[in-house]
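Here are a few exercises to work through with a predicted model open in your viewer. Try each one before you read its solution.

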Amino acid sequence: MIKLEKKSDCCGCAACVQRCPKQCISMQEDEEGFLYPAVDKKSCIDCGLCEKVCPILSPSSPHLPHYIYAAKSKDEHIRKHSSSGGVFTLLAEQTINAGGVVFGARFDEKWDVVHDYSETLEGLSAFRGSKYVQSSIGQSYKQVESFLRGGRLVLFSGTPCQIAGLKRFLRKDYENLTTVDFICHGVPSPKVWRMYLKETVARQCEKNTVSPHPISGKNALVEGILFRDKCLGWKKYSFALTLSTTLGSGEKNSVLLSEPIDKNIFMRGFMSNLFFRPSCHFCAYRELRSGSDITLADCWGIHHVYPDFDDDKGISLCIVKSDKFKNLSSSLECLPVDLDFVRQYNHSCFESDSIPLHRQAFFNAIQEDKACKYILKYATYPDKSMRAIISRMLDRIGMKNFIKKCIGKI
């Protein structure tokens, strides 16, 4: 039987829920907005399957990559609407064209993030782009298993812990399964996201002379959300919210809220690690431990290595760990990089960030009040101290990790 001694021992993958033969485990949201398994002890038969599929109880070893490269799609439209270089869309299209199924994270009708699947090319657009909220897996693992047993090709994308959860759930390797994860900084609270979005919609409604209404309410409708809008370029990406409001006369008014990450309230909290799931600060699946076939990320620092390759439209980092991508590079513009480059510019691949000093104070405060003002109060990003400015400057010129190593040897 799954027993949680502390919250950091659960990544929320829901493998235990989907594998339970008696369906006596459910995911329940806690006061911070994260889902955790709750067991109906009266129905439990102590079969132990929930513990066997838990990725936290059975961590894996690091997987050395076959090769690593910086890549970008040759299709400019796809790259424009992707967070990085558009590699995921290429993989997904190849799967659909071969008669397969693609799983990914999308927004639902309430703008919560959920895992879903698509069997059509048209459905892939919902999975494109970063979504900085922990997704609800639902019954995705069961659906994957059903498609695999039916002989269908499946591409499953998710966080490293979600990939690890899927692998443990399946309990065997499938040749027709391809898994894609990404270098994960941490997953924010869905509750904080809901609070932020509701407060932002209400604030925009007030500015447009209508009363505040819930999301998708009578007088306010969220029409689009982009966490990584490239209107200012790939490196200086923006959060963009498209909102439609109804004025007193019945006239529709479209409002676009677009803010750079250092100005947007939610992204400032995200970059400060303020409202991550507790397990993210002790992640068992860094160092390429998830067992995925390929890990994708932003190829930060590429301008130091290949300045002519970087056009500020988005470059993907591709860490390939299986033979399922032998021909992938032929469909992309790509250049080789090494593991030291990844360590230097994508530290989240190898290290978890520490718990913020004011994390508990933040969550205590939002139980009684609005989230936005407490994000502003406790967020540390952007840090404008002299130490932080020097640190960012050293990072930009590729000297930060070198100096850290030198200090460590003293």
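**Exercise 1: a hairpin**

Take the hairpin formed by E4 and E5, and find out how many residues lie between the two strands and which turn residue has a positive phi.

Solution. Five residues sit between E4 and E5, and Trp 111 in the turn has a positive phi of about 70 degrees. Next, look at the pairing: E4 (residues 101-107) and E5 (residues 113-118) run antiparallel over six bridges. For a spot check, find Gly 104, which stands opposite Asp 116 in E5.

**Exercise 2: the other side of E4**

Work out in which sense E4 pairs with E6, and over how many bridges.

Solution. Start at Phe 103, whose bridge partner in E6 is Phe 156. The E4 and E6 pairing is parallel, over three bridges. Then check burial: five of the seven residues of E4 are buried, so count those under 20% relative accessible area.

**Exercise 3: the whole sheet**

Trace the strand order of the open sheet, then say why E5 and E13 each have one side without a neighbour.

Solution. The eight strands go E5-E4-E6-E7-E11-E12-E3-E13, with mixed pairing. E5 and E13 stand at the edges with a single partner strand each, so one side of each lacks a neighbour in the sheet. From one strand to the next, the twist averages 25 degrees. At the E13 end, E3 pairs with E13 in the antiparallel sense over five bridges, and Tyr 69 stands opposite Pro 336. Finally, add helix H5 (residues 140-149): H5 lies across E4, E5, E6 and E7, at about 160 degrees to E6.

Note on methods
Residues numbered from 1 in each chain as written. Predicted model: local features only at pLDDT ≥ 70, side-chain atom pairs only at ≥ 80, totals over all residues. Heavy atoms only, no water. Buried < 20%, exposed > 50% of the residue type's maximum accessible area, 1.4 Å probe, protein only. Helix = DSSP H or I, 4+ residues; strand = E, 2+ residues; numbered from the N terminus. Pairing = 2+ DSSP bridges. Axes fitted to C-alpha atoms, helices over the stretch in contact; angles between N-to-C directions. Contact = heavy atoms within 4.5 Å.
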